[in-house]
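Me: I would like to go through this model and ask, for each label, what grounds there are for using it. Please set the values against the cut-offs as we go.

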Amino acid sequence: QVQLVESGGGLVQPGGSLRLSCAASASIFSFPRMGWYRQAPGNERELVATFTAGGNINYADSVKGRFTISRDNAKNTVYLQMNSLKPADTAVYYCYLRWGNDYWGQGTQVTVSS
């Protein structure tokens, strides 16, 4: 069993930055599929950025060039650096891990508003 604990969400003005963290309760970092999804009210959950099972990175077109996903294997933590934030980025952001089973973090709210 793996638990994912997220942090780093908050309220930021358009053009601002936030850094999300997702810490896993086990030493799961080799190159599993792991990344970030988001869900705005009334919308379906959508992929934001992920490491593939082979260690490559996929970004949603809407965030490419603004968001950067990274990981620290020693800390069992994955990060999402979000720059040039827009109101459309407002959502609950969820960490995801595929490690035999599918695991989800509890979600962290990101609100972009002036």
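Reply: A disulfide is taken here as a pair of cysteine sulfur atoms within 2.5 Å, and a search of the whole structure finds one such link. The model is a predicted one, in which local features need pLDDT of at least 70 and side-chain atom pairs count only at pLDDT 80 or more, whereas totals for chains, interfaces and linings use all residues. Residues are numbered from 1 along each chain as its sequence is written, and side-chain values use heavy atoms, with hydrogens and water left out.

Me: Why is the link of C22 and C95 called a disulfide?

Reply: The sulfur atoms of C22 and C95 are 2.2 Å apart, and because the limit is 2.5 Å, the pair qualifies. The angle about the S-S bond is -85°, and the link is left-handed. C22 belongs to strand β3 (residues 18-24) and C95 to strand β9 (residues 91-99), so that the disulfide joins distant parts of the chain, 73 residues apart. Strands here are DSSP runs of E with at least two residues, helices are runs of H or I with at least four, and both are numbered from the N terminus.

Me: Are C22 and C95 buried or exposed, and how do you know that?

Reply: Buried means under 20% relative accessible area, exposed means over 50%, and partly exposed lies in between, using a 1.4 Å probe and protein chains only. C22 has a relative accessible area of 0% and C95 has 0%, so both cysteines count as buried.

Me: What makes Y37 and Y96 an aromatic pair, and which kind of pair is it?

Reply: Rings of Phe, Tyr and Trp (its six-membered ring) pair if their centres lie within 6.5 Å, and planes under 30 degrees apart count as stacked, over 60 as edge-to-face and the rest as tilted. Three aromatic pairs are found in a search of the whole structure. For Y37 and Y96 the centres are 5.6 Å apart and the planes stand at 70°, therefore the pair is edge-to-face. Since Y37 lies in strand β4 and Y96 in strand β9, the pair ties together parts that are 59 residues apart in sequence.

Me: Why is the pair of Y96 and W104 called tilted?

Reply: The ring centres of Y96 and W104 are 4.9 Å apart and their planes meet at 55°, a value that falls between the two angle cut-offs, so the pair is tilted. Ring pairs link Y37, Y96 and W104 into a cluster. Within this cluster, Y37 is buried at 14% relative accessible area and Y96 is buried at 5%, whereas W104, at 36%, counts as partly exposed.

Me: What makes β1 and β7 the edges of their sheet?

Reply: Two strands pair if DSSP finds at least two bridges between them. Four strands form an open sheet in the order β1-β3-β8-β7, with antiparallel pairing. Here β1 (4-7) and β7 each have a single partner strand, so one side of each is left without a neighbour in the sheet.

Me: How do you know that β3 and β8 are paired?

Reply: Six bridges join β3 to β8, and because at least two are required, the two strands count as paired, running antiparallel. R19 stands opposite Q81 in β8. On the other side of the order, β1 and β3 pair in the antiparallel sense over four bridges, and E6 stands opposite C22 in β3. Six bridges also join β7 to β8, again antiparallel, where R71 stands opposite V78 in β8. These two strands, β7 and β8, form a hairpin with four residues between them, and N76 in the turn has a positive phi of about 50°.

Me: Why is β8 described as largely enclosed by the rest of the structure?

Reply: Five of the six residues of β8 are buried, so the strand is largely enclosed by the rest of the structure.

Me: Which residues is L80 in contact with?

Reply: Contact means heavy atoms within 4.5 Å. Leaving aside neighbours within four places in sequence, L80 is in contact with L18, R19, L20, W36, V48, A49, F67, T68, I69 and Y93.
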